[in-house]
Amino acid sequence: MMKKMIITLLLILTGLILTRCGMNIEKPSADIQKAFTEQFTNATRVEWEKEGALYKAEFLHECHEAEAWYDKDASWLRTKIEMAWPELPEVVQATIRDNTNEYWETDDISLYRQATGIPEYYYVELDRENSGNERQLRIRPDGTLITDLR
């Protein structure tokens, strides 16, 4: 009896936590899954979430953590692929070095691709050691700095 109560409480708490975090583990339609599979043929560890009206696949793509977003009509919207510093093109690394100094260290690096006609770009988050300061750079593959938010 006590064991059943504990399990029931744990299930209720898990449901509340997932609801509070805004996560909705709703499976996408077959059309969305098909569009995803055709676009990312080698994806592994695929997990789906519904956020508002959009479906987000979180997965591994060529050994990188990635996300792909689709609308209800199975139209691809954007992709985010996480990467490491050595994988950045040299021209992008040079732009970062030219616009920062040794006191900034990289925290998050991702490549964004979007269906809306916005050219792909690298997103680089930098942290200043022991200060709590953060910078967010968006850089085109040719090294052009798009934004530098502080």
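Buried means under 20% relative accessible area, exposed means over 50%, and partly exposed lies in between, with a 1.4 Å probe and protein chains only. Keep these cut-offs at hand for the exercises below.

This is a predicted model, in which local features need pLDDT of at least 70, side-chain atom pairs count only at pLDDT 80 or more, and totals for chains, interfaces and linings use all residues. Residues are numbered from 1 along each chain as its sequence is written, and side-chain values use heavy atoms, with hydrogens and water left out.

**Exercise 1. Find Ala74 and decide whether it is buried or exposed.**

Step 1: Look in the loop between strand E3 (64-70) and strand E4 (76-82), where Ala74 is found. Helices (H or I, at least four residues) and strands (E, at least two) are DSSP runs, numbered from the N terminus.
Step 2: Ala74 counts as buried because its relative accessibility is 16%.
Step 3: Check the backbone too: Ala74 is not a glycine, yet has a positive phi of about 70°.

**Exercise 2. Describe the protein chain as a whole.**

Step 1: Count the elements, and you get 3 helices and 8 strands.
Step 2: Put them in sequence order, which gives the pattern α-α-β-β-β-β-α-β-β-β-β.
Step 3: Turn to burial: 30% of the 150 residues count as buried.
Step 4: Add the accessible surface, about 9,900 Å², with 53% of it belonging to carbon and sulfur atoms. Such areas come from the Shrake-Rupley method with a 1.4 Å probe; for residues, only the protein chains shown count as cover.

**Exercise 3. Work out the surroundings of Glu58.**

Step 1: Start in strand E2 (residues 54-61), the place of Glu58.
Step 2: Glu58 has a relative accessible area of 25%, so this residue is partly exposed.
Step 3: List the contacts (heavy atoms within 4.5 Å). Beyond neighbours within four places in sequence, Glu58 touches Arg45, Val46, Glu47, Glu49, Ala66 and Glu67.
Step 4: Follow one of these partners, Arg45, in strand E1 (residues 44-51). Arg45 and Glu58 are 13 residues apart in sequence, and their C-alpha atoms are 7.8 Å apart.
Step 5: Arg45 counts as exposed because its relative accessibility is 67%. Arg45 also has a positive phi, about 50°, without being a glycine.

**Exercise 4. Explore the salt bridges.**

Step 1: Use the rule that a side-chain nitrogen of Lys or Arg lies within 4 Å of a carboxyl oxygen of Asp or Glu. The structure holds 11 of these bridges.
Step 2: Take Glu90 and Arg97, whose side chains meet at 2.5 Å, N to O. Glu90 is partly exposed at 48%, and Arg97 is partly exposed at 43%.
Step 3: Next comes the bridge between Glu120 and Arg113, with the closest N and O atoms 2.8 Å apart.
Step 4: Move on to Arg150 and Asp148, which meet at 3.5 Å, N to O. Arg150 is exposed at 72%, whereas Asp148 is partly exposed at 25%.
Step 5: Finish with a network, in which bridges that share partners join Glu49, Glu51, Lys56, Glu58 and Glu67.

**Exercise 5. Locate Glu129 and say whether it is buried or exposed.**

Step 1: Go to the loop between strand E6 (121-128) and strand E7 (134-139), where Glu129 is found.
Step 2: Glu129 counts as exposed because its relative accessibility is 52%.
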